[in-house]
Amino acid sequence: MTHTAVVGLAVGRGTGEEVAAVFRRVLDRLAQLHGRRVRIVRSPRTYHSYASLRREGGGVERMRELTRQDAAHYEDFCRRQAAAGTGAVFRTAINAQSLYLVRQRLSAVKVDTLSAGDATLLLVRDEAQGFYTGENQHEPGVLHRATTFSRHTTDAIVAFALHRARALWPESPVERITLAYKYHLLDGALEDWAAEASARHGVAVELFQPDTVNRNLIAHGLPARGVIVAGNEWADIMHVVLLDRFGAGRQENHFTENAHLHPDVAGLVEYQTVHGSADDIEGTDSVNPVATIRAAAAIAERHAGCSGAARAVEDALDQLAGRGVGTPDVGGRHSTTEVVDALLDTLRPHPVPGPTTPGDPAAPVPGR
């Protein structure tokens, strides 16, 4: 009997329903082409975008309450999926404040592997600490935002980055990990934790201010094998710049992977498109589907046994680009539905000669 893979699905407002429909269609077709079975378990709640929260009215307190409700519900959904043995969740864009409450509680990191020629950068974004994960307290005309850093979380993130780097480059020792944080604001604590992590893991863990990391990238170019662990305050802003430096194209065409380090949900990986909820084009059938298509292919390959799915999708996307098939945001004249229809018509299984190499973006997630 064919094993049925289970994939979670969480949907937000804005173009969430349209993106979710693309995900379902592509994942179903890939499973069919590879003779696999996939069951999608959708969260029963449709989560707010920032724009939908503003439309609710009721002021700051109403927004805070809905944010807390969304965060509590999504955290519970992730915990339930992990407990059931689900390996992957695809999530459309939701309100960032709700999302980062969950990422703090479940100790999440965002993982990007960027390559250009002989240079490869493993970027691990700390989503569990810092300004993004802070909580707010309000007084009349004043907002206080409190953030938390911990030695335990910092070490867990360094350990994850080191494990991931060793899986990515199994033939080469990992010589150093660069930490990019505004550590001058933390009374020297982060320097002490970095030194402890370096001694514990037997690798140089070097702490720099984000502007110094930028200067080094400009002065010395891209490293052959680089590992950067970064506070989200820097990494979120720099992501589009790094994509450009690595010749990786438009941010809207990319998906990213979020790994959870909390032991209650270890093994659950969340995939998302890089673009936001795009409430302004909701219902117009014009959202760019490429990132969602790529996320569906990654999940099919890594979690549903569809070997070669990612390469097959890239081949089909190349053919579509050659024919000028695309949505208006990339200079095309086609609707979301037309792009997906064309992709599914073009899609063919990709022959896989042997096991996927650890450095391949379609490889199974190391250690998951």
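Start by selecting V22, R25, V26 and R29 in helix α1, then add T336, T337, V340, D341, L343 and L344 in helix α11: these two groups of residues meet. You are looking at a predicted model, so keep its confidence in mind as you go.

**Stop one: α1 and α11**

Widen the selection to the whole of both helices, residues 16-33 for α1 and residues 336-346 for α11. Their axes lie 11 Å apart, and the helices pack at an angle of about 5°. Because angles under 35 degrees count as roughly parallel, α1 is roughly parallel to α11.

Stay on α1 and check its length. With 18 residues at 1.5 Å a residue, α1 should span 26 Å, and its end C-alpha atoms are indeed 26 Å apart. Now colour its buried residues: G16, E18, V19, A20, V22, F23, V26, L27, L30 and A31. What do the buried residues of α1 pack against? Show strands β1 (4-12), β2 (37-47) and β3 (88-91), together with helices α9, α10 and α11, and you have the set. As you leave the helix, click on G35, which follows α1 and has a positive phi near 65°.

**Stop two: α9 and α10**

Next, select α9, residues 290-303. Its 14 residues should span 20 Å at 1.5 Å a residue, and the distance between its end C-alpha atoms, 20 Å, agrees. Is this helix largely enclosed or open? Since 12 of its 14 residues are buried, α9 is largely enclosed by the rest of the structure. To see them, pick V290, A291, T292, I293, A295, A296, A297, A298, I299, A300, E301 and R302.

Add α10, residues 309-322. The axes of α9 and α10 come within 7 Å and cross at roughly 155°. That angle is over 145 degrees, so the two helices are roughly antiparallel. For the contact itself, show V290, I293, R294, A297, A300 and E301 on the α9 side, with A309, A310, V313, E314 and L317 on the α10 side.

Just after α9, look at G305, where phi is positive at about 75°. The next pick is C306, which is buried because its relative accessible area is 1%, under the 20% cut-off.

**Stop three: cysteines and charged side chains**

Jump to C78, which also counts as buried, at 1% relative accessibility. If you are wondering how many disulfides to draw, the count is zero.

Then select E75 in helix α3, residues 59-83. E75 has a relative accessible area of 14%, so E75 is buried. Leaving aside residues up to four places away in sequence, E75 touches V102, R105 and L106.

For another charged residue, go to R164 in helix α5, residues 151-168. R164 is buried as well, at 9% relative accessibility. Try a distance label from R164 to V111: the pair is 53 residues apart in sequence, yet 9.3 Å apart in space, C-alpha to C-alpha.

**Last stop: colour by confidence**

Finally, colour the chain by pLDDT. The average is 91, and 95% of the residues score at least 70. Where does the pLDDT fall below 50? Select residues 355-368 to see that stretch, which has 32 contacts in the model beyond near neighbours in sequence. Where pLDDT is low, the predicted coordinates should not be read in detail.

Note on methods:
Residues numbered from 1 in each chain as written. Predicted model: local features only at pLDDT ≥ 70, side-chain atom pairs only at ≥ 80, totals over all residues. Heavy atoms only, no water. pLDDT = per-residue confidence, 0-100. Contact = heavy atoms within 4.5 Å. Helix = DSSP H or I, 4+ residues; strand = E, 2+ residues; numbered from the N terminus. Expected span 1.5 Å × (residues − 1). Buried < 20%, exposed > 50% of the residue type's maximum accessible area, 1.4 Å probe, protein only. Disulfide = S-S within 2.5 Å. Axes fitted to C-alpha atoms, helices over the stretch in contact; angles between N-to-C directions. Parallel < 35°, antiparallel > 145°, perpendicular 65-115°, else oblique.
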